[in-house]
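Dear colleague,

Here is the structure you asked about. My notes on what I found follow below it.

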Amino acid sequence: MTHTRIDINDIPKPDKTVRIEGTGRQALEQGRTRLLIAGSVFALAFSVIAARVVDVSVFDRGAEPNLAQESSNLAHKTGRADIVDRNGMLLATTLSVPSLYADPKSVMDPVEAADKLLTVLPELDRAELVETLSSDKRFIWIKRNLTPRQQYAVNKLGVPGLYFQSESKRVYPQGRLTAHIVGRAGFDDVGLSGIEKNFDSLLRDGTEPLALSVDLRVQHILREELQTQIDAFDGIGAAGIVLDTRTSEIVAMVSLPDFDPNRRDQVSDDALFNRATLGVYEMGSTFKIFNTAMALDYGTTTLANGYDASKPIRVARFTINDDHAKNRWLSVPEIFMYSSNIGSVKMALDVGGERQKAFMERLGFLENASIELPERGRPLAPNPWRPINTMTISFGHGIAVSPVHLANGVASIVNGGIFRPATLLRHQSGELLIGERIIKEQTSLAMRRLLRLVVEKGTGRNASAEGYLVGGKTGTAEKPGGRGGYRQKALLSSFVGVFPVTDPRYVVLAMVDEPKGNKSSFGYATGGWVAAPAVKRIIERAAPLLNVAPVDEDAPEIRRALMVNIPEPKGKKALASF
């Protein structure tokens, strides 16, 4: 076998390698780099999308977004807290409303814009509006708190430079009905009066409605009946209160004239004045409730005792008479029943000025009422407390208190003798109520019998609401005039009632300012003719709503409970009276 020898030099050499140089190579490298970056970006994007798809489809439970879940754990706060009555009826709330403002620099023709605005907002002043829209400012209010209809009308005008901003507005659904209790708040949600002012900070920070003690149903009845008496007797105003004797919660409270807190631009000073809490008055013979209770409780007299009321009492230039003069010796029950000033003065003198002042202080009559309103009048009391003051205070002159003072004081006398501060806040059921004893329970029982005697036999007959065992006391006071005197024809006529008097639940006070006698009252304008009938109607209408049922007033057990022995002078036999 033969082999062919191949010389290395005979093997052909490969072709020479082709190299790319210069700008061509640079362009190729850039292309590779961009391709690599783009690929990385797409890969990252797809990775994120894939991760989110897995998160949504696998790990999420298909519920609402986390934001909604978190909000459920937070306090829901939309602005100023609501105010409601004891049954949850809305008295004040906050709504979101549009307000109109302008950017004058964007208003092309101020005069034309003003004329157009006046077609839908005619209450605006044209001259002021033209001046406003011609100014150099960039923001200026035109009208705040528009209605939806007004907003639509302004939008329809198509005037450049006019805009809307959403604001909160305090609204009072009950209008005048609770005006003096709830009060009102201003444009910036700042409380200006009433509960709105007294609890301004709480309402700003609060999330839960503020519950008052007021019952809207009773409030409506009280206001309607007081207005009826003003109209019938041509009075200049009135005040009324319904108060729970056991808790001192105010169930209803009215001052007339009143105002609509929704109409901020139509509130007069007279309407703003709260006669029930801010006004202080010499309350007249209703004060004999406290004078008699004081004398009985100190033990200076008893229901079996009496005083000579046959002659007027003369002190310096003053003469004290009886309006319903009997001109004889009167027992203590008769002094109360006939509202004898002479007998009351002698009872007070037996107690003495120092102890009388202490008793008035225990009733809270020497300081502002504790009610939760900024509109509280400070009582006017004598200083020094002279013997003449002791005499006049016994029948309700020489000391001035507010109607809420009077109503709460009567509650303390008839509820067993416990004073609790009057309040506009609703007590929780079962809440422990702390009070201060001011008279003995036995004295309280005696006073309940005397109050019933006034309605059955005395000056308060017109307050008798059949079946509700009303007890009470009339009051007719002349209003102070100039130079320390009194205006004989300017009366303050009142009646304060209690029902049912065997187990008092409510005090009802009605007071009419400067009533004039009419044909139905035979020309009289006294508390017995003006205020007592109103109390009767208020009780008849409100008692069923307050779960107080009528009873048989002639039932033996009731007559025994209310029996009062009226002694007669000079050894005559006692006469049992009811």
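The accessible surface of the protein chain comes to about 30,000 Å², and carbon and sulfur atoms account for 53% of that. Of the 578 residues, 48% count as buried. The chain holds 20 helices and 20 strands. Among contacts between residues at least 6 apart in sequence, 70% join residues at least 24 apart.

Please keep in mind that this is a predicted model. The pLDDT averages 88 over the protein chain, and 88% of the residues score at least 70. Residues 60-76 have a pLDDT below 50, and this stretch makes five contacts in the model beyond near neighbours in sequence. Residues 573-578 are also below 50, with 18 such contacts. Where pLDDT is low, the predicted coordinates should not be read in detail.

One sheet is worth describing. It is open and antiparallel, and its five strands come in the order E9-E8-E18-E17-E16. Strand E9 (250-256) and strand E16 (471-480) are the edges, each pairing on one side only. From one strand to the next, the twist averages 10°.

At the E9 end, strand E8 (residues 237-244) is joined to E9 by six bridges. Within this pair, Ala239 stands opposite Ser255 in E9.

Two helices go with the sheet. Helix H16 (residues 403-414) lies across E8, E9, strand E17 (486-499) and strand E18 (506-513), and runs at about 30° to E8. Helix H19 (residues 532-542) packs on the sheet as well, touching E8, E17 and E18. The direction of H19 makes about 140° with that of E18.

Regards

How values were computed. Residues numbered from 1 in each chain as written. Predicted model: local features only at pLDDT ≥ 70, side-chain atom pairs only at ≥ 80, totals over all residues. Heavy atoms only, no water. pLDDT = per-residue confidence, 0-100. Contact = heavy atoms within 4.5 Å. Helix = DSSP H or I, 4+ residues; strand = E, 2+ residues; numbered from the N terminus. Buried < 20%, exposed > 50% of the residue type's maximum accessible area, 1.4 Å probe, protein only. Areas by Shrake-Rupley, 256 points an atom, 1.4 Å probe, with all protein chains shown as cover. Pairing = 2+ DSSP bridges. Axes fitted to C-alpha atoms, helices over the stretch in contact; angles between N-to-C directions.
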